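Colleague: I would like to learn how to read burial, cysteines and helices from a set of coordinates. Could you take me through them one at a time?

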Amino acid sequence: MSKNFDELLQKVKSVSKKTLSVACAQDVPVLEAVKEAHDLGIVDATLVGDEAQIRSIAKDIGMDLSDYRIVNVEDKVEASLTAVKLVHDGEADMYMKGILPTKDFLKSVLNKEVGLRTGKTLSHVAVMEIPGVDHLVFLTDVAFLPYPTLQDKVQMIEYTVDVANACGVENPKVAPLAAVEVVNPKMPVTVEADELRKMNESGEIKGCVVDGPLSLDIALYESAAKEKGAQDRPCAGKADILLFPDIHAGNLVYKAINHMVPGIKTGAILTGTKSPVILSSRSDTKDVKINSIALAAVLSEHMKKANA
């Protein structure tokens, strides 16, 4: 089991090298991350975008482009469609966003002819190495689904369990979060959390342990669980997956941890697609992008084995 990103980066070296397709690759942080991921032996890459700009940036950062395939497409929308088609056609294993608007990137992911749509709900999974927590924590959804329905949450759990499994976490513990750890009919979030727990008990949700509702402190810290008399809850202090009730709760927690906790390490991917998708943000550091590429690589291997 990968307990941190260093262990994950070691794990990814044990799987077959993946091919990454990058849409609009003419971006310094993206090319720096791709270069380092390539140097670590994680990926080969096809760089789709403005070739002149790609070569100029590569020269500045000392990136030897003889190791990469470059496809010159200057129009950003056309570049995204060209890049995603490589994954759709099996010429690449993973798809990454470069310097183009998120809406255009997502349109390429969902394109009926060349995209990676499955007909299922798309969801964002962030993975965090949090100082003081002795394992990787998987958060969903902090960036994509505004107000997930109960059925959306079922799919979000399934996707995130796959990501956790790919990272070596078997039978992960899932905490549907709320402000309290008891069911209150006046708080619909707690009712849905309890329904997810029952669905897990009945076998509708498999491959994990769902225990909700739980407050964030009880989910992550055994000391908090003991103080509140919740130490006997299955996921108390041991949650691998944090399922947020909506994007506001998820995004606020994600950004608070990212900006206020020293030493935090993060990676993220988009799930619900035929192949792993790296929806990187302009504010993401090179390390976040590398961690995201590593996540996508282990998930690609996991998906390949599951579909074999």
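Modeller: Let us start with burial, bearing in mind that this is a predicted model. A residue counts as buried when its relative accessible area is under 20%, and C24, at 0% relative accessibility, is therefore buried. C167 counts as buried too, because its relative accessibility is 0%.

Colleague: How many disulfides are there by the distance rule?

Modeller: A disulfide needs two cysteine sulfur atoms within 2.5 Å, and by this rule the count is zero. For C167, the closest cysteine sulfur belongs to C208 and lies 15 Å away, which is too far for a bond.

Colleague: Turning to helices, what span should α4 have, and what do its end C-alpha atoms show?

Modeller: The expected span is 1.5 Å times one less than the number of residues, so the 13 residues of α4, residues 76-88, should span 18 Å, and the end C-alpha atoms agree with this, being 18 Å apart.

Colleague: Which residues of α4 are buried, and what do they pack against?

Modeller: A79, S80, A83, V84, L86 and V87 are the buried residues of α4. They cover an arc of only 145° around the axis, and therefore lie on the same side of α4. Their packing partners are the strands β1 (18-23), β2 (43-49), β3 (69-72) and β4 (94-97), together with the helix α5 (102-109).

Colleague: What is found at the start of α4, and what just after it?

Modeller: At the start of α4, a side-chain oxygen of D75 comes to within 3.2 Å of the backbone nitrogen of V77, while just after α4, G90 adopts a positive phi of about 85°.

Terms used: Residues are numbered from 1 along each chain as its sequence is written. This is a predicted model: local features need pLDDT of at least 70, side-chain atom pairs count only at pLDDT 80 or more; totals for chains, interfaces and linings use all residues. Side-chain values use heavy atoms; hydrogens and water are left out. Helices (H or I, at least four residues) and strands (E, at least two) are DSSP runs, numbered from the N terminus. Buried means under 20% relative accessible area, exposed over 50%, partly exposed in between (1.4 Å probe, protein chains only). The arc is that of the directions from the helix axis to the C-beta atoms. Contact means heavy atoms within 4.5 Å. A polar contact is a pair of N or O atoms within 3.5 Å; within protein, one must be able to donate a hydrogen and the other to accept it, and residues adjacent in sequence count only if both atoms are side-chain atoms.
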